[in-house]
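Trainee: Could we go through this one together, starting with the ligand and finishing with the helices?
Mentor: Sure, pull it up and ask away.

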Amino acid sequence: MSRNAPAIDAQRLSLILNDLRLPAIKLVWSDFTTRADKEGWPGARLLAALAEHEIAERDRRRIERHLGEARLPPGKTLDSFAFDAVPMISRAQVTALCSGDGWLEKGANLILFGPPGGGKTHLAAAIGLALIENGWRVLFTRTSDLVQKLQVARRELALEAAIAKLDKYHLLVLDDLAYVTKDQAETSVLFELISARYERRSTLITANQPFGEWNRVFPDPAMTLAAVDRLVHHATIFEMNVESYRRRSAIQRQSRAGRPPTFATIKSTQEMSRSDNQTCE
Ligand code: ADP
Ligand code: MG
């Protein structure tokens, strides 16, 4: 500190920084000012450095909060997603979607179709994570879990409020849409959710069955038509028609070990893909 500088009441400064809600500056001002004095920074540089630090910390804390609320399945990132396993999807297109620009502002949707094990949940979670890192808010949920919550809300006459609460999420990921049980009460809350978000807020849906089989999701054909119509009006659709990744990896591991896949591997991977189907139904 320069010899002629007036003394600073550090305690009072801490209180003021608290009142001004500048917690990051409160933590570092002493280090920053010591360094500025030592290196002879001009006053404006010190002020700018402190302000930049506060804003960067604020962004970091916000993203951390958004990651906490998103309930993404852990470990599903774009880095760990093998794009060569789904040749119909280009990394460039996914990267562009991950900026969020051009679709989240207008409430456009993303729909991932494909058989079990093809990477729909992984890709949906990875896109969600990348969007959060780019400043958007996302909620990841199994469709059946959310439908159950919305049904409870409806019984308590609070369905509208529950759906409105989801508005804070720029993207709502509904994983496994097609596994919702065939029940009129359940599907109508889902329909109300889809209608409420239409052209306002984006939804990412993963589903095993193509639209043609969505009559099993919405038992009323008019409701199916109306739901599909709203979902696809502004939507990007990925058809991930690939074999189960787990099954393929297991077979590859066997052949890399120098052995042709044994009957036991083929049988166990078949069982794996059968159990994929079962957990989904
Ligand atoms: P789906 O939701 O289509 O049934 P998942 O996303 O659950 O499939 O994928 C099954 C498993 O295989 C998960 O552990 C997932 O991380 C992995 N997986 C699937 N596709 C890929 C891929 N292209 N690259 C890396 N891992 C993948
Ligand atoms: Mg899945």
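**Ligand 1 and two helices**

Mentor: Before you start, keep in mind that this is a predicted model. An oxygen atom of ligand 1 is 2.7 Å from a side-chain N or O atom of Thr121.

Trainee: How far from an oxygen atom of ligand 1 is the polar side-chain atom of His122?
Mentor: Polar contacts here are N or O pairs within 3.5 Å. Gly118 makes one with a backbone N or O atom, 3.3 Å from a ligand 1 oxygen. For His122 a polar side-chain atom does the job, and its distance to a ligand 1 oxygen is 2.6 Å.

Trainee: How much of ligand 1 does the protein bury?
Mentor: Start with ligand 1 taken alone, which exposes 550 Å². The share of that area buried by the protein is 85%.

Trainee: Which element gives the most to the shell around ligand 1?
Mentor: Ligand 1 sits in the largest pocket. Two elements give two or more residues to its shell: α5 (120–133) and α10 (245–256). The top contributor, with three residues, is α5.

Trainee: How many residues of the shell around ligand 1 are charged?
Mentor: There are 15 residues around ligand 1, with Ala82, Gly117, Lys120, Thr121 and His122 coming nearest. Six of the shell residues are nonpolar and six are polar. That leaves the charged group, which numbers three.

Trainee: Why are Arg58 and Glu54 separated by about one helical turn?
Mentor: The whole structure has eight salt bridges, and Arg58 forms one with Glu54, their closest N and O atoms being 3.8 Å apart. The separation is about one turn because both residues belong to helix α3 (residues 43–70), where their spacing is four residues.

Trainee: Which residue caps the N-terminal end of helix α1?
Mentor: Just after α1, Arg21 takes a positive phi of about 55°. At the N-terminal end of α1 (residues 10–19), look for a side-chain oxygen 3.2 Å from the backbone nitrogen of Gln11. The residue that supplies this oxygen is Asp9.

Methods: Residues are numbered from 1 along each chain as its sequence is written. Chains are lettered from A and ligands numbered from 1 in the order in which they are written. This is a predicted model: local features need pLDDT of at least 70, side-chain atom pairs count only at pLDDT 80 or more; totals for chains, interfaces and linings use all residues. Side-chain values use heavy atoms; hydrogens and water are left out. A residue is near a molecule or strand if one of its heavy atoms lies within 4 Å of it. A polar contact is a pair of N or O atoms within 3.5 Å; within protein, one must be able to donate a hydrogen and the other to accept it, and residues adjacent in sequence count only if both atoms are side-chain atoms. Accessible areas come from the Shrake-Rupley method with a 1.4 Å probe; for residues, only the protein chains shown count as cover. On a 1 Å grid over the protein atoms alone, a cavity is a set of points where a 1.4 Å probe fits but cannot get out, and a pocket is an open set with protein on both sides within 12 Å along at least five of seven lines; lining residues have an atom within 4 Å of a point. A molecule sits in a cavity or pocket if more than half of its atoms lie within 2 Å of its grid points. Ala, Val, Leu, Ile, Met, Phe, Trp, Tyr, Cys and Pro count as nonpolar, Asp, Glu, Lys and Arg as charged, and the others, Gly among them, as polar. A salt bridge is a side-chain nitrogen of Lys or Arg within 4 Å of a carboxyl oxygen of Asp or Glu.
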